[in-house]
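Q: Could you take a close look at how the helices of this protein pack against one another, and go through one helix and its contacts with care?

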Amino acid sequence: MTLVPDTWTLTTRMLKHNIRSVDTIITILVMPVMIMLAFVFVLGGAMNTGDPGIRYVDYVVPVVLLLAIASGVSYTGFRTNLDVTQGMYDRFRTMPIARASMVGGHIVSSVIINAVSVVVIFAIALLCGYRPHPGWAGFGVMAGVLLVTLVAFAVMGVAFGMAARSSEGAGVFAYVVMALMFVSSGFAPTSTMKSGLRWFADHQPMTPIINSLRAAQSGQIDATATLIALAWLVAMIIGFGIMCAWAARRVERRKP
């Protein structure tokens with residue numbers, strides 16, 4: 001009965017941490033924006049998207065959004081691990097609160113703060129010349145895919161934060177996710193890659209997510225890419241949710 005209010009209380013706690021942390025703002029916003037500016041204004045003129053009808057700024061925004069989310073959840077993993085390793089999780093266990101809210105607070109706060117970062121990235125992209133025309137259907141697909149991505153990445157960040165034995169190790173997963181984005185259709189068409197690398201890029205989870213967003217922003221719904229992206233994201237939520245539950249049980253076996 002107390003799950004929802006307890007989760008919201010712990011969510012507001014984490015939101016206050018995020019708002020007061022300069023490191024969080026730099027991690028979530030500054031780095032993805034710098035990457036977007038570099039690719040649009042420094043490298044964009046030399047990039048070939050394979051489609052003369054799409055400008056590079058429109059091509060690259062979907063992957064920049066994912067980079068912003070991945071940067072944000074790396075901080076989620078870090079904060080979750082601090083709660084575990086510095087005794088805050090044990091302190092919560094001694095209180096009359098719902099156990100699931102201790103994890104739920106991190107997940108919900110991560111979704112909220114990263115949703116704000118996505119809106120800010122959109123605004124900056126518009127200043128850089130980004131001009132989407134999704135229509136109502138495309139807007140719905142973009143919003144749906146981004147929302148599920150926010151949840152999936154948040155669960156992943158909390159799972160690694162719970163499982164890691166140090167705060168340094170809690171954010172390592174973010175580098176793997178970012179590496180997958182660079183080896184995808186995010187910055188250049190996979191058709192320009194060598195055959196083996198192209199096969200990997202076409203079949204890893206970031207490519208269908210990016211392709212789904214890219215098609216939706218132009219008003220062309222790529223049903224295949226969208227369904228594959230959602231399948232990957234749901235699998236991530238289930239898989240990392242199980243990992244999170246396992247890590248929580250491991251922590252709870254310790255003496256508070």
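A: What follows looks at helix α3 and its two described partners, and then sets another helix pair beside them.

The model is a predicted one, and the mean pLDDT of the protein is 85, with 94% of its residues at 70 or more. Among the elements, helix α10, which covers residues 206-217, has the highest mean pLDDT, 94, whereas helix α2, residues 22-43, has the lowest, 74. Where pLDDT is low, predicted coordinates should not be read in detail.

Two packed helices can be described by the angle between their axes and by the distance between those axes. Helix α3 spans residues 56-85, and its axis and that of α10 come within 9 Å while crossing at roughly 130 degrees. An angle of that value makes α3 oblique to α10, and their crossing is right-handed. On the α3 side the residues that take part are D58, Y59, P62, V63 and L66, and they meet M206, I209, I210, L213, R214 and Q217 of α10. Sorted by class, this contact holds eight nonpolar residues, one polar residue and two charged residues.

The other partner of α3 is helix α1, residues 3-20, and here the two axes come within 12 Å and cross at roughly 120 degrees. These two helices are therefore oblique to each other as well, and α1 passes α3 in a right-handed crossing. From α1 the contact takes in R13, M14, H17 and N18, which meet Y75, R79 and D83 in α3. The residues of this contact divide into two nonpolar, two polar and three charged. An α-helix has 3.6 residues a turn, so residues three or four places apart point the same way. With that in mind, the reader may look again at Y75, R79 and D83, the α3 residues that meet α1.

For a pair with another arrangement, one can turn to helix α6, residues 135-163, and helix α11, residues 223-252, whose axes come within 8 Å and cross at roughly 25 degrees. Since that angle is under 35 degrees, α6 is roughly parallel to α11, and α6 passes α11 in a left-handed crossing. By class, the contact of α6 with α11 has 24 nonpolar, three polar and one charged residues.

Finally, helix α5, residues 99-127, can be viewed on its own: its 29 residues reach 44 Å from the first C-alpha to the last, close to the 42 Å expected at 1.5 Å a residue. Just after α5, G129 takes a positive phi of about 105 degrees.

Key
Residues are numbered from 1 along each chain as its sequence is written. This is a predicted model: local features need pLDDT of at least 70, side-chain atom pairs count only at pLDDT 80 or more; totals for chains, interfaces and linings use all residues. Side-chain values use heavy atoms; hydrogens and water are left out. pLDDT is the predictor's confidence in each residue, from 0 to 100. Helices (H or I, at least four residues) and strands (E, at least two) are DSSP runs, numbered from the N terminus. Axes are lines fitted to C-alpha atoms, for helices over the stretch in contact, and angles run from 0 to 180 degrees between N-to-C directions. Angles under 35 degrees count as roughly parallel, over 145 as roughly antiparallel, 65 to 115 as roughly perpendicular and the rest as oblique. A crossing is left-handed if the near helix is turned anticlockwise from the far one by less than a right angle, and right-handed if clockwise. Contact means heavy atoms within 4.5 Å. Ala, Val, Leu, Ile, Met, Phe, Trp, Tyr, Cys and Pro count as nonpolar, Asp, Glu, Lys and Arg as charged, and the others, Gly among them, as polar. The expected span of a helix is 1.5 Å times one less than its number of residues.
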